[in-house]
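User: I'm new to looking at protein models. Could you walk me through how to read helices and strands?

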Amino acid sequence: MKITFARDEADFDLIAAWRIIGQILQKHDSVIGLSTGNTTKGMHTIVSAIYKKYPFDVSGITLFNVDELTNLPREYSGSCYSMILHEIAGPLGIQEHNFIMPPTISDDFTAECRLFEKRLEERGGTDLQILGIGLNGHIGINQPGTPFESETWISTIGPETDARVRRDLNIPKEIVIGGLTRGIKNIMSSRKIILAAKGEHKAEIMAKALLGPVTMDVPASVLQLHPDCEVLLDAAAASVIKSITRNI
Ligand code: GLP
């Protein structure tokens, strides 16, 4: 694993944005997997701003998100589809057929998971996958305990996200909000992965994921086995790793 230490949040967002743009410039038909959340919003905004000022060719690229919420409207501002659309796919003018997302509502999510994978496979697989990390070490929505051989599936979302979404949309308890996520096996098949984390609250889990054993209890630790994974950290997220390695 290669670790890149960004000075601060602004530096972090800029480095990540240039990784995405670099991938697009290097391969005009790149298939790029994104992630939603606070970690990635800034990088998406910068990619969009640079594109607006200095447009580059995005006509051949495919964008998708590593996961999606289920059983709520796609138009909900908190769906991954809406977030990626507003933050980056829309500003870049990515055509609908090049923005591959599973639906949020379906009678047969198992078939939708397979179709999602098939569509990505038809494009030649993932060139670059950007990942965030959950406080419990989850990647995508693969929670601790998920087998490394897992393939795109419907997982459970954490209690905080569940509560927020229910509050926002007034969803009754009977409806189970799930998370359609690429499985760990699918994520690991990406040719390049960038695991990005910023903020002090991510410092502890990043130390576990990078310096601890490879274990299902910390899903992100599997990335230690990936042949081309870069970890991007701002100073706050790197603090525990730096204090541990300082003493080695
Ligand atoms: C959610 C998403 C993940 C994301 C993670 C971190 O669980 N499904 O894909 O990586 O949150 O989010 P944040 O960047 O807001 O901390």
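Analyst: Sure, let's take a helix, then a strand, then a small sheet. Keep in mind that this is a predicted model.

User: Which residues of H1 are buried?

Analyst: Start with the general idea: an α-helix has 3.6 residues a turn, so residues three or four places apart point the same way. Here, H1 covers residues 9–26, and its buried residues include Phe 12, Ile 15, Ala 16, Ile 20 and Ile 24. The buried residues of H1 pack against several elements, among them S1, H2 and S10. At the N-terminal end, Asp 8 caps H1, with a side-chain oxygen 3.3 Å from the backbone nitrogen of Ala 10.

User: What about a strand? Are the faces of S10 covered or open?

Analyst: In a regular strand the side chains alternate between the two faces of the sheet. In S10, Cys 229, Val 231 and Leu 233 lie on one side, Glu 230 and Leu 232 on the other, and all are buried. Five of the five residues are buried, so S10 is largely enclosed by the rest of the structure. As for partners, S1 pairs with S10 in the parallel sense over four bridges, and S9 does so over five.

User: Which strands stand at the edges of the sheet S4-S8-S7?

Analyst: That open sheet has three strands with antiparallel pairing. S4 and S7 stand at its edges with a single partner strand each, so one side of each has no neighbour in the sheet. The twist averages 30° from one strand to the next. Between S7 and S8 there are four bridges, and Trp 153 stands opposite Thr 181 in S8.

Notes
Residues numbered from 1 in each chain as written. Predicted model: local features only at pLDDT ≥ 70, side-chain atom pairs only at ≥ 80, totals over all residues. Heavy atoms only, no water. Pairing = 2+ DSSP bridges. Helix = DSSP H or I, 4+ residues; strand = E, 2+ residues; numbered from the N terminus. Axes fitted to C-alpha atoms, helices over the stretch in contact; angles between N-to-C directions. Expected span 1.5 Å × (residues − 1). Buried < 20%, exposed > 50% of the residue type's maximum accessible area, 1.4 Å probe, protein only. Contact = heavy atoms within 4.5 Å. Polar contact = N/O pair within 3.5 Å; in protein donor to acceptor, adjacent residues only side chain to side chain.
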